[in-house]
Amino acid sequence: MGSAYMIAAAVTATERVQAEVLKTFDALNGFCSGVNAFGVFSDPCHQRASLAAAREAIERAEKIMQETAWPAPEDYTEA
């Protein structure tokens, strides 16, 4: 694989990973605010669904990271 192609593919992979990480943050936004006056989750199903969505986004990000042929330092000088 040519260096320029590898770098371009890594840019795309980086953008995809960042998008999945943002989905993780979105899924967990407000996670701790759903607590009632007794200090108990008022809607545990919502918290479980939020955790599941965050986990799925992290798993997608990890898969992208694993499947990407990341450039080595010398690839940047050859591009």
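Which residue just after H1 takes a positive phi? In this predicted model, the residue is Gly30, with a phi of about 80 degrees. Good morning, colleagues; I shall begin with the helix before that glycine and then follow the chain onward.

Helix H1 has 26 residues. From its first C-alpha to its last, H1 reaches 37 Å, close to the 38 Å expected at 1.5 Å a residue. Several of its residues are buried, including Met6, Ile7, Ala10, Ala13 and Val17. Further along H1, Glu20, Thr24 and Ala27 are also buried. In an α-helix there are 3.6 residues a turn, so residues three or four places apart point the same way. What do the buried residues of H1 pack against? Their partners are H2 and H3.

I turn now to the loop between H1 and H2, beginning with its aromatic residues. The structure holds one aromatic pair. The rings of Phe31 and Phe41 have their centres 5.5 Å apart and their planes at 70 degrees, so this pair is edge-to-face. Both partners are placed in the loop between H1 and H2, 10 residues apart. Their surroundings may be stated in turn: Phe31 counts as buried, at 15% relative accessibility, whereas Phe41 is partly exposed, with a relative accessible area of 34%.

Phe41 also contributes to a nonpolar surface patch, together with Val35, Phe38 and Val40. The area of this patch is about 410 Å². Is Phe38 buried or exposed? Phe38 has a relative accessible area of 76% and is therefore exposed, the cut-off being over 50%. Like the aromatic pair, Phe38 lies in the loop between H1 and H2.

Val40, another member of the patch, belongs to the loop between helix H1 (3-28) and helix H2 (44-67). Its relative accessible area is 46%, which makes Val40 partly exposed. Leaving aside residues up to four places away in sequence, Val40 touches Gly34 and Val35. Between Val40 and Phe25, which are 15 residues apart in sequence, the C-alpha to C-alpha distance is 22 Å.

Finally, I come to the next loop. Where does Ala72 lie? Ala72 is found in the loop between H2 and helix H3 (73-78). This alanine is partly exposed, with a relative accessible area of 23%. Ala72 and Gln18 are separated by 54 residues in sequence and by 20 Å in space, C-alpha to C-alpha.

Notes. Residues are numbered from 1 along each chain as its sequence is written. This is a predicted model: local features need pLDDT of at least 70, side-chain atom pairs count only at pLDDT 80 or more; totals for chains, interfaces and linings use all residues. Side-chain values use heavy atoms; hydrogens and water are left out. Helices (H or I, at least four residues) and strands (E, at least two) are DSSP runs, numbered from the N terminus. Buried means under 20% relative accessible area, exposed over 50%, partly exposed in between (1.4 Å probe, protein chains only). Contact means heavy atoms within 4.5 Å. Patches are made of residues with over 30% relative accessible area and no salt bridge: like charges are joined within 9 Å, nonpolar side chains (Val, Leu, Ile, Met, Phe, Trp, Tyr) within 5 Å. Accessible areas come from the Shrake-Rupley method with a 1.4 Å probe; for residues, only the protein chains shown count as cover. A salt bridge is a side-chain nitrogen of Lys or Arg within 4 Å of a carboxyl oxygen of Asp or Glu. Rings of Phe, Tyr and Trp (its six-membered ring) pair if their centres lie within 6.5 Å; planes under 30 degrees apart count as stacked, over 60 as edge-to-face and the rest as tilted. The expected span of a helix is 1.5 Å times one less than its number of residues.
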